[in-house]
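Work through the exercises below with the sequence and model open. Try each task before reading its solution.

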Amino acid sequence: MSLLSDTNYSPQRVYALLRLLEAQDGQLGFDSIRTWLKPTLRGVEQKGSEEHTNIRQLLGATASLGLIESPSQNQYKLTAPVPATIEGFADAVHDRLVALDADHADSIVLEAYAAMVVLTEAEQGTSWLDLNAKDRAAKINKAVPAADADEEDEQKKRFNATKSSPWKRWMIFLGLGVSMPRSDFYPYPAQRLEREVVRLRSEQSLPKALEIEAFIGRIAERMPYLDGGRLFLASVERVRLPPLGRRVSRVLSGTLRDLHDDKRLVLDAIGDAKETYALTQEPHPVRNIKAVTLEGQANNG
């Protein structure tokens with residue numbers, strides 16, 4: 001039971017299930033859940049074993065997140081408060097995934113994303129994303145911490161093409177990327193980074209601006225699949241990527257520049273070279289960062 005072994009569901013359906021249980025005093029039986037959430041596709045109802053399997057997989061994924069439990073056979077009960085909004089639900093799921101131990105089945109979800117960020121750096125761009133689904137998944141699998149299982153068995157690999165589809169849905173839902181026609185998924189964590197910066201400001205007493213090294217450190221704690229984070233560093237070791245030093249990865253560089261351009265935060269480039277971090281070389285006015293102002297003009301209305 002894990003988010004990636006149960007494939008026939010969406011994050012939005014998980015949230016719908018949670019809201020349903022909340023409305024029914026926190027607990028329902030399988031048959032009642034199936035009746036309430038009976039899926040339809042273009043007006044054609046799913047029937048029999050297909051419908052049964054889809055609901056079971058939805059319940060399995062939700063249980064894997066630790067949000068429901070089964071106190072008795074075919075009975076399902078909430079184990080945590082349900083966020084009031086779907087955005088809040090995305091935050092809650094992200095927090096749970098970040099907090100997972102390495103031996104949890106779902107740790108692969110963010111580990112695979114860290115591998116994608118590191119591979120994009122190692123390959124000096126995103127052209128590797130144009131590989132076919134099987135080869136792309138195999139490349140990611142080699143960049144995550146190894147499993148004890150036989151790596152030659154496709155189904156026992158920690159990440160494979162089958163797991164890629166539900167993984168992609170979660171990555172997009174969490175604000176970590178966008179769907180692309182050729183490469184299937186493009187790592188672009190702008191939405192999540194903006195959410196985490198807002199949450200960082202609200203939860204802690206911080207100065208309006210952070211030195212870039214402190215900023216990257218704070219983000220690495222909240223988004224450990226980015227520069228300096230524990231998942232990022234684990235993948236760096238697997239890929240044998242040289243240390244970034246005072247450089248920002250390609251994925252984070254593009255994200256910071258876009259948030260700066262959108263006035264979601266402000267990148268301060270004024271300072272001695274020893275105090276700055278270099279962004280990936282691209283035709284953009286901001287090439288180095290000394291500090292990051294957490295409140296941009298867009299945040300101030």
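Buried means under 20% relative accessible area, exposed over 50%, and partly exposed in between (1.4 Å probe, protein chains only). The model is predicted: local features need pLDDT of at least 70, side-chain atom pairs count only at pLDDT 80 or more, and totals for chains, interfaces and linings use all residues. Residues are numbered from 1 along each chain as its sequence is written, and side-chain values use heavy atoms, with hydrogens and water left out.

**Exercise 1.** Find the salt-bridge partner of glutamate 121 and place both residues.

Solution. Start with the term: a salt bridge is a side-chain nitrogen of Lys or Arg within 4 Å of a carboxyl oxygen of Asp or Glu. The partner is arginine 247, at 3.3 Å from N to O. Glutamate 121 sits in helix H5 (residues 108–122), and arginine 247 in the loop between helix H10 (230–239) and helix H11 (250–261), so the bridge ties together parts 126 residues apart in sequence. Helices (H or I, at least four residues) and strands (E, at least two) are DSSP runs, numbered from the N terminus. Now check accessibility. Glutamate 121 has a relative accessible area of 5%, so glutamate 121 is buried. Arginine 247, at 38%, is partly exposed.

**Exercise 2.** Describe the salt bridge between arginine 257 and glutamate 282.

Solution. The N to O distance is 3.7 Å. Arginine 257 belongs to helix H11, glutamate 282 to the loop between strand E10 (277–278) and E11; the pair therefore ties together parts 25 residues apart in sequence. Arginine 257 is buried at 2%. Glutamate 282 is partly exposed at 39%.

Then widen the view. Asp91, Asp95, Arg192, Arg195, Glu196, Arg199 and Arg222 form one network through salt bridges that share partners. The structure holds 18 salt bridges.

**Exercise 3.** Which residues does isoleucine 219 contact, leaving aside neighbours within four places in sequence?

Solution. Locate isoleucine 219 in helix H9 (residues 212–222). Its relative accessible area is 3%, so isoleucine 219 is buried. Contact means heavy atoms within 4.5 Å. The partners are Leu193, Val197, Pro224 and Leu226. For leucine 193, 26 residues away along the chain, the C-alpha separation from isoleucine 219 is 8.0 Å.

**Exercise 4.** Is aspartate 25 buried or exposed, and where is it found?

Solution. Aspartate 25 is in the loop between helix H1 (11–23) and strand E1 (27–29). Its relative accessibility is 79%, so aspartate 25 counts as exposed. Aspartate 25 has a positive phi, near 60°, though it is not a glycine.
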